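Look at the sequence and the model before reading on. The paragraphs below go from the whole chain to one helix and then to the ligand.

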Amino acid sequence: MVFDIAIVGAGASGLMLASLIKNKSVCLIEANEKIGQKIKVSGGAKCNITNEKVSSSNYLGDKEFIEDILKEFSNKELLNFLNKNRLFPKVNPKIVKGTYFCQSSQEVIDMFSSLTTHVKKYLKTKVLDISFEKNFFIKTNKNIIEAKKVVIASGGLSFESLGASSIAFDIAQKFGHNIIKTSPALVGFTVQKEQFWFKNLSGISAKVEIKIDKKSFYGSLLFAHKGCSGPVILNSSLYWQKGKILIDFLPNEKIEKFLKGNKKISTAFPLAKRFMTEFLKSIDIEDKAVSQLTKEEKNKLSILKNYEFCPAGTFGYSKAEVTKGGICTQEINHKTFESLKQKNLYFIGECLDITGELGGYNFQMVFSQAVKCANFLNE
Ligand SMILES: Cc1cc2nc3c(=O)[nH]c(=O)nc-3n(C[C@H](O)[C@H](O)[C@H](O)COP(=O)(O)OP(=O)(O)OC[C@H]3O[C@@H](n4cnc5c(N)ncnc54)[C@H](O)[C@@H]3O)c2cc1C
């Protein structure tokens, strides 16, 4: 059988696309035993599916292209789509402002299962290569599947344990596409020896503001045994390109306010005592009454407001929520997602060089891309 459309990857973008294609023979090819494995673990198993406010400023990538994509299928339209399918996500701003969470990730997977019953699914089927000769021949670990059009929706490199592979980039390169350098993003930072004291604070969190590359993020920083993590760090990792970031451990506060009175330094600040003890050791100040601090020591302490930190690296793809970089979007038709190098070959989803911040922006983006692509394929 020759399929009209073969979709590689039954993840977020592939499932949305498959659910929308009408009156065509479609197959979904998925390496995992089950569909939507990344959806399953997303948002702590409650799938942070979109955000109250979504704009191109929440993404890295070609701004004009991003705006076009979001215009085609906005956050409101995604919520309407979900409501029609009896899913009613609710805003939970605890982690990131404006984030919509579902009741459970499984309900999203179940929705896509019932919307794709018309689609032939090849599960536990890993795509190894694709060749073209009048039609596409998709070589898998089990068989060869023939199709007139192929949509690559196989995601990026993060979380190999959930099925991620480099196949989108391998195929893109095979057909002459350029790949913008990829790196793990929405991921924790490892530290250099100046910050080894972070490791002694594993499990402690602090509300901080981070400034990086003209962006600033407010939220929780979590100290970890490898370095640091937490929402504010994950967001910073998206914009980090080697070099320093600035942490304000006392956001919206003036340091002078805490330098009065007779309390010990470790308890004078609205920060965990364990944090203050390690911090004081790192800047070589003994824990004593605030009133005994010298002018020089007070100056040293003021770095709590602008702590410069050069991460050693990141926790890597195995812990990263997304892959930054990807297939160059200048070589993709912005109306259809068709490759400008190979007719009838399409790329959607995280494999493209568009990456969103933490807070539901990545699902919104890949769903919007799938809708835009489906609207064209249904024409
Ligand atoms: C732990 C975690 C939590 C996350 N939480 C959120 C969240 O709450 N909100 C949010 O917006 N984003 C979240 N993300 C990011 C989001 O999951 C991705 O951006 C999104 O799933 C990308 O969609 P996609 O369709 O491009 O790729 P995916 O959803 O990754 O789907 C790609 C599919 O292709 C399959 N595949 C790969 N290679 C092959 C091959 N060779 N042959 C066959 N199949 C293959 C994979 O198994 C996978 O099923 C999270 C990511 C992770 C890792």
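The chain holds eleven helices and 21 strands. The model is a predicted one. Along the principal axes, the C-alpha atoms occupy a box of roughly 80 × 40 × 35 Å. The chain has 379 residues, and 55% of them count as buried. Take the contacts between residues at least 6 apart in sequence: 70% of these join residues at least 24 apart.

The surface comes next. The chain exposes about 17500 Å², with 50% of this supplied by carbon and sulfur atoms. As for charge, there are 54 positive and 37 negative charges, and the mean positions of the two sets are 4 Å apart.

Helix α5 covers residues 105-115. Which of its residues are buried? They are S105, E107, V108, I109, M111 and F112. These buried residues pack against four helices or strands named from the early part of the numbering, α1 (12-20), α2 (37-45), β3 (48-51) and α4 (75-84), and also against α11 (361-377).Three of these elements appear again at the ligand: α1, α2 and α11 each supply at least two residues of the shell around the ligand. There are 34 residues around the ligand, and those that come nearest are S13, E30, N48, S165 and E350.

Some polar backbone atoms also lie beside the ligand. One belongs to A31 and is 3.1 Å from a nitrogen atom of the ligand. A polar backbone atom of G163 is 3.4 Å from an oxygen atom of the ligand, and a backbone N or O atom of N362 lies 3.3 Å from an oxygen atom of the ligand. Taken alone, the ligand exposes 990 Å², and the protein buries 96% of that area.

How values were computed. Residues are numbered from 1 along each chain as its sequence is written. This is a predicted model: local features need pLDDT of at least 70, side-chain atom pairs count only at pLDDT 80 or more; totals for chains, interfaces and linings use all residues. Side-chain values use heavy atoms; hydrogens and water are left out. Buried means under 20% relative accessible area, exposed over 50%, partly exposed in between (1.4 Å probe, protein chains only). Contact means heavy atoms within 4.5 Å. Accessible areas come from the Shrake-Rupley method with a 1.4 Å probe; for residues, only the protein chains shown count as cover. Lys and Arg count as positive and Asp and Glu as negative; His and the chain ends are not counted. The place of a charge is taken as NZ of Lys, CZ of Arg, CG of Asp or CD of Glu. A residue is near a molecule or strand if one of its heavy atoms lies within 4 Å of it. A polar contact is a pair of N or O atoms within 3.5 Å; within protein, one must be able to donate a hydrogen and the other to accept it, and residues adjacent in sequence count only if both atoms are side-chain atoms.
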